[in-house]
Amino acid sequence: QGEACEAPHCCIQYSASQGAGLQAMATANEAVHTLVAKRCGNFKYISRAQSGNVHWLNICMVDRDLLQHVFAQSANQWCKRWLILSRSLEPLLRLPWDRCLDAATSLFDQWSFQCMTKAAGDRELYVMQAIRMKTKEWFGVNPTPVLSINVPFELDYSETVTMLCDVLSEFYAVLESIPRSAPPEVYAKVKCVDDHVVENFLKVVCNETMLVQREMIKKQIEGITQAG
């Protein structure tokens, strides 16, 4: 349960020999399916915790109102980013696994850039254009654009997290259909996408929930002290 914010650690060794090549393919394909199973478990656990159906790390229930209050500004910024990712990723789920993975690789690159950058105007457009060109050069596909969504109201943190968990679970289910005969390079793409999910979603949710958990424990201790 506490592994939701940990990045997977898998090492694939390549060799010129055919035997080593087949072993690398088997290792890579096994790593894909292991990673998919782990992430689906992460998403399910986070959804249940955010919905108040399970204690976070077996310590306390998540206080949704406190979570929304403590991270009023930063949480709303992340919620908008996660909503954009959900809406951008949903159309890709209908594609075959190979096209879905290529398109998602492009999508996550652009989305992660938008999460990190403070650039605006021409400079941002220039960088995004460079990413799109590199994506086509590397993967031979036209990059999938990140949707532009105007959100004129404050989003509910827990509901947005749960929604993205559902969409990501469907996406990883598509990755589960990757045949075990797929080349090892497929795992590199899966790992690239997964790194974006870990860095810009799982780690953020886990860190913010942990901070709120500490605040809740602090209030409980203060209540006990005052009562004594």
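The protein has 7 helices and 0 strands, and its pattern along the sequence reads α-α-α-α-α-α-α. Helices (H or I, at least four residues) and strands (E, at least two) are DSSP runs, numbered from the N terminus. The model is predicted: local features need pLDDT of at least 70 and side-chain atom pairs count only at pLDDT 80 or more, whereas totals for chains, interfaces and linings use all residues. Residues are numbered from 1 along each chain as its sequence is written, and side-chain values use heavy atoms, with hydrogens and water left out.

Of the 228 residues in the protein, 44% are buried. Buried means under 20% relative accessible area, exposed over 50%, and partly exposed in between, with a 1.4 Å probe and protein chains only. Helix 4 (residues 97–116) is mostly covered, with 15 of its 20 residues buried. From its first C-alpha to its last, helix 4 reaches 28 Å, close to the 28 Å expected at 1.5 Å a residue; the expected span is 1.5 Å times one less than the number of residues.

Several buried residues were examined together with a partner far along the chain. Ser 106 is placed in helix 4 and counts as buried because its relative accessibility is 1%. Its C-alpha lies 9.0 Å from that of Val 193, although the two residues are 87 apart in sequence. Leu 67, in helix 2 (residues 64–70), has a relative accessible area of 0% and is therefore buried. Between Leu 67 and Ser 158 the C-alpha separation is 8.4 Å, with their positions 91 residues apart in sequence counted as the distance apart.

Two further residues belong to helix 7 (residues 185–227), one of them being Tyr 187. Tyr 187 has 6% relative accessibility, so it counts as buried, and its C-alpha is separated by 9.7 Å from that of His 33, 154 residues apart along the chain. Asn 200 is also found in helix 7 and, at 8% relative accessibility, counts as buried. Asn 200 and Met 116 are 84 residues apart in sequence, and their C-alpha atoms are 9.1 Å apart in space.

Aromatic contacts were searched over the whole structure, giving 7 aromatic pairs. Rings of Phe, Tyr and Trp (its six-membered ring) pair if their centres lie within 6.5 Å; planes under 30 degrees apart count as stacked, over 60 as edge-to-face and the rest as tilted. One of the pairs is formed by Phe 43 and Tyr 172, which are edge-to-face at 5.4 Å centre to centre with 65 degrees between the planes. Phe 43 lies in helix 1 (residues 18–50) and Tyr 172 in helix 6 (residues 157–176), so this pair ties together parts that are 129 residues apart in sequence. Both Phe 43 and Tyr 172 are buried. The pair of Trp 82 and Tyr 157 is edge-to-face because the ring centres are 5.8 Å apart and the planes stand at 65 degrees. Here too distant parts of the chain are linked, with Trp 82 in helix 3 (residues 72–89) and Tyr 157 in helix 6, 75 residues apart. Trp 82 and Tyr 157 are both buried.

One aromatic cluster is made up of Phe 43, Phe 108, Trp 111, Phe 171 and Tyr 172. Elsewhere, the charged end of Arg 81 sits over the ring of Trp 78, 4.6 Å from the ring centre. A charge sits over a ring if NZ of Lys or CZ of Arg is within 6 Å of the ring centre and within 35 degrees of the ring normal.

Internal space was examined last. The search of the whole structure finds 1 cavity of 30 Å³ or more, and the volume of the largest cavity is about 30 Å³. On a 1 Å grid over the protein atoms alone, a cavity is a set of points where a 1.4 Å probe fits but cannot get out, and lining residues have an atom within 4 Å of a point. Grid points are joined across faces, edges and corners, and a volume is the space filled by probe spheres set on the points. The largest cavity is lined by Trp 56, Cys 60, Met 61, Val 62, Thr 209, Val 212, Gln 213 and Met 216. By class, this lining has 6 nonpolar, 2 polar and no charged residues, where Ala, Val, Leu, Ile, Met, Phe, Trp, Tyr, Cys and Pro count as nonpolar, Asp, Glu, Lys and Arg as charged, and the others, Gly among them, as polar.

Technical notes:
On a 1 Å grid over the protein atoms alone, a cavity is a set of points where a 1.4 Å probe fits but cannot get out, and a pocket is an open set with protein on both sides within 12 Å along at least five of seven lines; lining residues have an atom within 4 Å of a point.
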